[in-house]
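Good morning, and thank you for coming. I would like to take you through a structure that is new to this group, and I ask that you keep it in view as I speak.

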Amino acid sequence: MATIEERIKQVTARVLKLNPEEIRPEHNFAADLGAESVQSIELVAMFEQEFGIEMEEDAALAVETVGGAIDFIRDVCRQQGVETEG
Amino acid sequence: MNTERKSHTLVDADRPNLLEDRFPHALPPLIRLTGPVVETIDGKPAQFDVSDVKKRDIVITDTTFRDGQQSRPPYTIDQMVHIYDLLAKLGGPNGVIRQTEFFLYTKNDRETLRRCRELGHTYPECTGWIRAVKGDFRLVKEAGLRETGMLTSCSDYHIFHKLKFPSRKACMDSYCDVVKAAFDAGVRPRCHLEDITRSDIEGFVLPFIDRLMELSSAVPDELSVKVRLCDTMGFGLSYPGAELPRSIPKLIYKMNRECGVPSDRLEWHGHNDFHKVHINGGTAWLYGCNAVNTTLFGFGERTGNPPLEGAVMEYIALKGGLCGINTTVITELADYMRSIGLPIPDNYPFAGKAFNTTSAGIHAGGLRQDERIYNIFDTTTLLGRPPRVAITDKSGADGVAHWLNEFFGLKGDDRINKIRVHELARWVIDQYDVQGRLTSISDQELETKAKELYPDLWAKCKAGRN
């Protein structure tokens, strides 16, 4: 099974139409990866779908970087009892 | 005509004069009248003190269940009882909506009337509607009604071509016999002068009214004949200088002053064939009819009748206050009518889904700065309808979520957040970024897309309503 980081990079690449190998944890979704307002919403929605979780809207949208998303989603998965890494 | 030129000096100001004494925003804009108004009748000036309307006991009467039902499939009994209940709530304890009329011919008609009266509302008073047939008074008596409308058509189109009377005299005698039968039954007759705006006023109508007044003089006041002026084909005119039989001011003058029918026994009933229905009703109020007959949302025969909710707003504007009216019930009634399959156009005043929605970005900007710039009055308080902005590329996911929540009527915890609307938000953005669209997106387009993207929500909130 792919790691959380790999899955987040794949989703981010798909939504923002990027190469997953170019995405790094320190990248800011808006400033570095060019996410526009509606794409931020799409990213949160796609992360929810990918991991089968439900995120609190304001908290999820406050996450700015790929690394921040990895930590945030790992926490949410743990809270919601979702298995993430083999 | 006075052609003397007059110069006008700018009154400079560093603070706005918003004319709030006339545009209070908490109420519909007030109608302030100065009199007298002069109309030339039979070659002589006749004065009307139109400002008197503020003091007179003007009222709204309703014919949603009679004329209103002539333009649509019948309401069920439960629907009519509910609508009647809401009419009482809307008109308030002072009886601004004073009366409503019912058919009496079928078992369902009579059951509806019984159940409406069982609610115990003082207003609107329930009255009947029958043909000008003596035997029909039995129905009125059995229903326990004090008043009934009866057809007394007065144009020669009706007298000769529809009712097949051999002469005007035979027609008048027949009508008067029925009026006497009403008196004998202890029921107040309300004579509906059908097609009056296409009648021979001097040759038939006024002599008939004289007879009615004479008959009324022999009975107690509470039985005296009321007169409904029925503009059956919408030919009535409010314009100064218009001739009889189409002139509303002149018609009312003849009834009121030449025949002596007091204002509280005069009622106007209009039709909208020439887009004049609301203003003609208001004109009748100003010139001396105390009652204007209306239907909810104007539903009525062919093009419809004066819209009741329009008359309510006119009443408030003329009187300068709510007078016990609960205007938010207009929205409740509109929602109910839509729920039972009666279409109300989106741009329909006071009740359409988009009546206070602005599409232009520049208007939306104005609304954001000060609602009063582009909202006709405080629609949030008076109708429970905040002003809205149509969706464009500038609306963002927040705007799209707001639109969807309003559209599905979701409240509290049921409201959906913007994460859940990402597909619709994407579709909106693509309309502009990909398709090159330059116009705002209509509610109809959004509805279609919402149905496609959110079938579960649609099934839960909209099934059976659209």
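Let me begin with a question: in which loop of chain B is the place of Pro124(B)? The answer is the loop between α2 (107–118) and β5 (125–130) of chain B. Before I go further, please note that this is a predicted model.

I start with this proline for the sake of its backbone. The peptide bond from Tyr123(B) to Pro124(B) is cis, with omega near -5°. Chain B offers another case at Leu244(B) and Pro245(B), which are joined by a cis peptide bond with omega of about 5°. Pro245(B) is placed in the loop between β8 and α7 (248–258) of chain B. As general background, most peptide bonds are trans, and most residues other than glycine have a negative phi.

The second half of that remark brings me to Phe350(B). This residue is not a glycine, yet its phi is positive, at about 70°. Phe350(B) lies in the loop between α10 (328–339) and β11 (357–358) of chain B. Is Phe350(B) buried or exposed? It is buried, because 24 other C-beta atoms lie within 10 Å, and 20 or more are required for that class.

Chain A supplies a contrasting example. Lys17(A), also a residue other than glycine, has a positive phi near 55°. Lys17(A) is found in the loop between α1 (4–16) and α2 of chain A. With 8 other C-beta atoms within 10 Å, Lys17(A) is exposed.

Let us now consider chain B as a whole. It is divided into domain 1, covering 37–339, and domain 2, covering 390–461. The C-alpha centres of these two domains lie 45 Å apart.

Within chain B, I would draw your attention to strand β7, residues 188–193. The strand is mostly covered, with 6 of its 6 residues buried. Arg188(B), Arg190(B) and His192(B) point one way from the strand, while Pro189(B), Cys191(B) and Leu193(B) point the other way.

What joins β7(B) to its neighbours in the pairing? Strand β6 of chain B, residues 147–151, runs parallel to β7(B) and is joined to it by 5 bridges. Here His192(B) is the bridge partner of Leu151(B). Strand β8 of chain B, residues 226–230, is also parallel to β7(B), with 4 bridges between them. In this pairing, Arg190(B) has Lys226(B) as its bridge partner. The path from β7(B) to β8(B) includes helix α6 of chain B, residues 201–216, and the three elements make a right-handed β-α-β unit.

We turn next to chain A, which has 4 helices and 0 strands. Its radius of gyration is 12 Å, close to the 12 Å that the globule rule gives for 86 residues, so chain A is as compact as a globular protein of that length. Along its principal axes, the C-alpha trace of chain A spans about 30 × 30 × 20 Å. Buried residues make up 28% of its 86 residues. Of the contacts in chain A with a separation of 6 or more, 58% are between residues 24 or more positions apart.

Finally, how many residues of each chain are in contact with the other? There are 7 residues of chain A in contact with 9 residues of chain B. Helix α2 of chain A, residues 37–51, gives the most to the chain A side, with 6 residues. By class, that side has 4 nonpolar, 1 polar and 2 charged residues.

Definitions and conventions:
Residues are numbered from 1 along each chain as its sequence is written. Chains are lettered from A and ligands numbered from 1 in the order in which they are written. This is a predicted model: local features need pLDDT of at least 70, side-chain atom pairs count only at pLDDT 80 or more; totals for chains, interfaces and linings use all residues. Domain bounds come from an automatic or database domain assignment. A residue is buried if 20 or more other C-beta atoms lie within 10 Å of its own, exposed if 12 or fewer, and partly exposed in between; C-beta atoms are placed from the backbone. Helices (H or I, at least four residues) and strands (E, at least two) are DSSP runs, numbered from the N terminus. Two strands pair if DSSP finds at least two bridges between them. A crossover is right-handed if, with the strands pointing away from the viewer, the path from the first strand over the helix to the second runs clockwise. Two residues are in contact if their C-beta atoms, placed from the backbone, lie within 7 Å. Ala, Val, Leu, Ile, Met, Phe, Trp, Tyr, Cys and Pro count as nonpolar, Asp, Glu, Lys and Arg as charged, and the others, Gly among them, as polar. The radius of gyration is taken over C-alpha atoms; the globule rule is 2.2 Å times the number of residues to the power 0.38.
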